[in-house]
Amino acid sequence: MTASVFSAAPLWYTTRATGVIAFLLLTATVVLGVAATQRALASGAWPRFATQDLHRNLSLLAMAMLLAHVITTLVDTYVHVGWWALLVPGASPYQRWGVALGTTALDVLLVIAVTSLLRVHLPVRLWRLVHLSSYGVWPLVLLHFVVTGTDAAHRGWGWWVGVGAAAPVAAAALIRVSTTTAPQVRTTLTGAR
């Protein structure tokens with residue numbers, strides 16, 4: 001029965017699946033971004049560059065899933081979202097507010113991705129300012145997921161995925177706000193026996 005349901009609307013199911021996967025990958029990206037910034041995972045066993053590389057690679061994978069989510073949404077005829085909704089918030093006739101949240105998040109994520117690719121050519125202060133906007137993107141994505149997502153409707157399993165994803169992001173945000181980014185100075189005792 002499941003195969004026949006999927007075959008009746010493959011793009012709609014693909015849109016849902018890629019949306020959930022993109023949301024979870026963006027959640028992991030935010031948490032790892034904070035960990036890389038705060039050196040929360042840095043140690044001899046897990047160096048800082050590994051956290052940064054994992055953050056970067058998960059970000060790219062999330063963008064690939066997001067691209068698949070957007071394309072399948074636009075191509076699917078189950079609901080009409082419209083091509084303008086890809087870049088213009090509020091242009092979708094389907095769930096205008098929920099899709100507008102996703103569109104806004106997509107627009108900001110594209111700016112973050114482009115500036116990250118051009119990071120070596122940009123002033124550090126500009127790159128950091130743009131990259132800090134990612135803290136505002138995640139709540140937009142969460143709201144898009146909960147408001148527009150079929151799986152989150154009526155407190156379905158997707159709603160609980162959203163609630164569960166909010167916990168590590170909230171913890172990471174609290175760590176980010178409550179700790180300093182200044183490097184710790186280690187003192188060593190010389191001549192002590």
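The following is a working chat about a predicted model of one protein chain.

Colleague: How many helices and strands are there in the protein chain?

Modeller: The protein chain has seven helices and zero strands. Along the sequence the pattern reads α-α-α-α-α-α-α. Please keep in mind that this is a predicted model.

Colleague: What share of the residues counts as buried?

Modeller: Of its 193 residues, 32% count as buried. The accessible surface comes to about 12,100 Å², and carbon and sulfur atoms hold 70% of that surface.

Colleague: And what share of the contacts with a separation of 6 or more joins residues 24 or more positions apart?

Modeller: Such pairs account for 57% of those contacts.

Colleague: Turning to empty space, how many cavities of 30 Å³ or more does a search of the whole structure find?

Modeller: The search finds one cavity of 30 Å³ or more. About 650 Å³ of space lies in the largest cavity. Its lining has 32 residues, and those closest to its centre are Thr15, His69, Thr73, His144 and Thr148.

Colleague: Which helix gives the largest share of that cavity's lining?

Modeller: H2 does, with eight residues. At least two lining residues come from each of H2, H3, H4 and H6.

Colleague: How does the lining of the largest cavity divide into nonpolar, polar and charged residues?

Modeller: There are 19 nonpolar, ten polar and three charged residues in the lining of the largest cavity.

Colleague: What about the largest pocket: how much space lies in it?

Modeller: The largest pocket holds about 1,100 Å³ of space. Its lining is made up of 32 residues, and His55, Ser116, Arg119, Trp127 and His131 lie nearest its centre. By class, the pocket lining has 16 nonpolar, ten polar and six charged residues.

Colleague: Which helices each supply at least two residues of the pocket lining?

Modeller: They are helix H2 (10–38), helix H3 (48–75), helix H4 (96–117), helix H5 (124–132) and helix H6 (134–148).

Colleague: Let us take His131, from the group nearest the pocket centre. Where is His131 found, and what does His131 contact beyond four places in sequence?

Modeller: His131 is found in helix H5. Leaving aside neighbours within four places in sequence, His131 is in contact with His55, Ile112 and Ser116. Of these contacts, His55 and Ser116 are also among the residues nearest the centre of the largest pocket. In addition, the C-alpha atoms of His131 and Val111 are separated by 8.8 Å, although the two residues are 20 residues apart along the chain.

Colleague: Is His131 buried, exposed or partly exposed, and why?

Modeller: His131 is partly exposed, because its relative accessible area is 22%, and buried would require a value under 20%.

Colleague: What does Thr29 touch, setting aside its neighbours within four places?

Modeller: Thr29, whose place is in helix H2, is in contact with His55, Leu58 and Ser59. Thr29 counts as buried, because its relative accessibility is 8%. His55 is thus a contact of Thr29 and of His131.

Colleague: And what does Thr115 touch outside its sequence neighbours?

Modeller: Thr115 touches Leu122, Trp127 and Val130, not counting residues up to four places away. Thr115 lies in helix H4 and counts as buried at 12% relative accessibility.

Colleague: Staying with H4, which residues does Ala100 contact beyond four places in sequence?

Modeller: Ala100, found in helix H4, is in contact with Pro89 and Gly90. Ala100 counts as buried, because its relative accessibility is 15%. The C-alpha atoms of Ala100 and Thr148 are separated by 9.9 Å, with the two residues 48 residues apart along the chain.

Colleague: Which phi value does Gln95 have?

Modeller: Phi of Gln95 is near 40°, a positive value in a residue other than glycine. Most residues other than glycine have a negative phi. Gln95 is found in the loop between H3 and H4, and is partly exposed with a relative accessible area of 32%.

Colleague: Finally, helix H7: what span should its 22 residues have, and how far apart are its end C-alpha atoms?

Modeller: Helix H7 covers residues 157–178, and at 1.5 Å a residue it should span 32 Å. The expected span counts one less than the number of residues. Its end C-alpha atoms are 32 Å apart, which agrees.

Colleague: Which H7 residues are buried?

Modeller: Gly158, Gly162, Ala165, Val169 and Ala172 are buried in H7.

Terms used: Residues numbered from 1 in each chain as written. Predicted model: local features only at pLDDT ≥ 70, side-chain atom pairs only at ≥ 80, totals over all residues. Heavy atoms only, no water. Helix = DSSP H or I, 4+ residues; strand = E, 2+ residues; numbered from the N terminus. Buried < 20%, exposed > 50% of the residue type's maximum accessible area, 1.4 Å probe, protein only. 1 Å grid on protein atoms, 1.4 Å probe; cavity = no way out; pocket = protein on both sides within 12 Å on 5 of 7 lines; lining within 4 Å. Points joined across faces, edges and corners; volume = space filled by probe spheres on them. Nonpolar A, V, L, I, M, F, W, Y, C, P; charged D, E, K, R; others polar. Contact = heavy atoms within 4.5 Å. Areas by Shrake-Rupley, 256 points an atom, 1.4 Å probe, with all protein chains shown as cover.
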